Amino acid sequence: MINVTKSYLPDLEEYTNYLKGIWERVHLTNDGPLLRELEGKMKEFLGVKHLKFCTNGTVVLQMALKALDITKEVITTPFSYVATTNALLWEGCTPVFADIRPDDFCIDPGKIESLITENTQAIMATHVYGNACRIEQIQAIAEKHNLKVIYDAAHTFGSSYNGRSILSYGDVSTCSFHATKVFHTVEGGCIVTDDDALAEKLHFYRSFGHRNDDYYSIGINAKNSEFHAAMGLCVLPKVPHLIAARKQVFSWYDDRLNFERITRPTLTSGVDYNYAYYPVVFDSEATLLRVSDALKAQEIVPRRYFYPSLNTLPFSIGHEPCPVSEDVSLRVLCLPLYPDLPEEDVDRIAAIVNEAVAVITEPV
Ligand SMILES: *Cc1c(COP(=O)(O)O)cnc(C)c1O
């Protein structure tokens, strides 16, 4: 079976070497030495000022909202993983969906201003598929209306924009290190900011709001363990190699797919890309389902990502339509992409896709 993604695993020996240290120290979690080492190395790799390694890429979104005192309306994207909207709803905020751009599927800055009310406090946008949002335009709107900017940068590890990690933009950016992402720690995530006071606040939020017997603030448990940090320390040095291997798979798809009937989202200029996903867009949902069925019949599993458009979630009703996002989410499919996907498999996948796309259906 070929899945949409396959986690990179380091040499077992490399990982067990870290385990030996954990066994010697018997320090399993709570700001341990491997976690600190990983945080230091990630900061260096990304070139960011403050970075807190946490348990996942969802709780860090919640922590960002809490730390910035966001409780009211947040203008957000309908085209993201459900965690983005869930974090807002979980924190009691009101998501207000601004539609996406038809070319790169990131939030459309031109749709934001008309949605701002006296209750708007922030913009929460997703850098879709590891590509950058229109960062300058979003920043200008935020400054004009005194709004905070939170980026769900879960896809962007290893992507940069104008020579800086995409994670370095916004008041706060968050990332996910889930097993399916370009860089992973099995489960994990981080929160990044330049703001010293905010970083301090987040540090306490991560571990219940206290240090020893001193209680500073509310908090949650978002601490990650030495075992997860060890995985991160094994995978991090391989990231440039993993991205290069993804790029190779990308170019095989680019060479083989028939783009007379398939389109692809565009890359924002200035982005040095991490090749996180290979989304393809079909002319209709019917074509998507035909392609998807043809692949699954050969034990190849693509993923509808992102689907559904988040303004249509059944548990979060009453939102304005977002026609672009609703349309794209019905027609976009991510094809299998991981560093050691063999060229013959890309051949086979592309052939199945091209054939299924070419079937002419009778109008009904
Ligand atoms: C993966 C992902 C998340 C959630 O991250 P977890 O680590 O699984 O909690 C949030 N937002 C986006 C856009 C993601 O792709």
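Here follows a short exchange on a lysine, a ligand and some salt bridges.

Student: What kind of model is this, and how are residues numbered?
Tutor: The model is predicted; local features need pLDDT of at least 70, side-chain atom pairs count only at pLDDT 80 or more, and totals for chains, interfaces and linings use all residues. Numbering runs from 1 along each chain as its sequence is written, and side-chain values use heavy atoms, leaving out hydrogens and water.

Student: Why is K181 called buried?
Tutor: Buried means under 20% relative accessible area, exposed over 50%, partly exposed in between (1.4 Å probe, protein chains only). K181 has 13% relative accessibility, so K181 counts as buried.

Student: What makes the S176 and ligand pair a polar contact?
Tutor: A polar contact is a pair of N or O atoms within 3.5 Å; within protein, one must be able to donate a hydrogen and the other to accept it, and residues adjacent in sequence count only if both atoms are side-chain atoms. A polar side-chain atom of S176 lies 2.7 Å from a ligand oxygen atom, so the pair qualifies.

Student: Why do R206 and E39 form a salt bridge?
Tutor: The term requires a side-chain nitrogen of Lys or Arg within 4 Å of a carboxyl oxygen of Asp or Glu. R206 and E39 meet at 2.8 Å, N to O, so they form a salt bridge.

Student: Are R206 and E39 buried or exposed?
Tutor: R206 is buried at 4% relative accessibility. E39 is buried at 8%.

Student: Why is R36 called exposed?
Tutor: R36 has 51% relative accessibility, so R36 counts as exposed.
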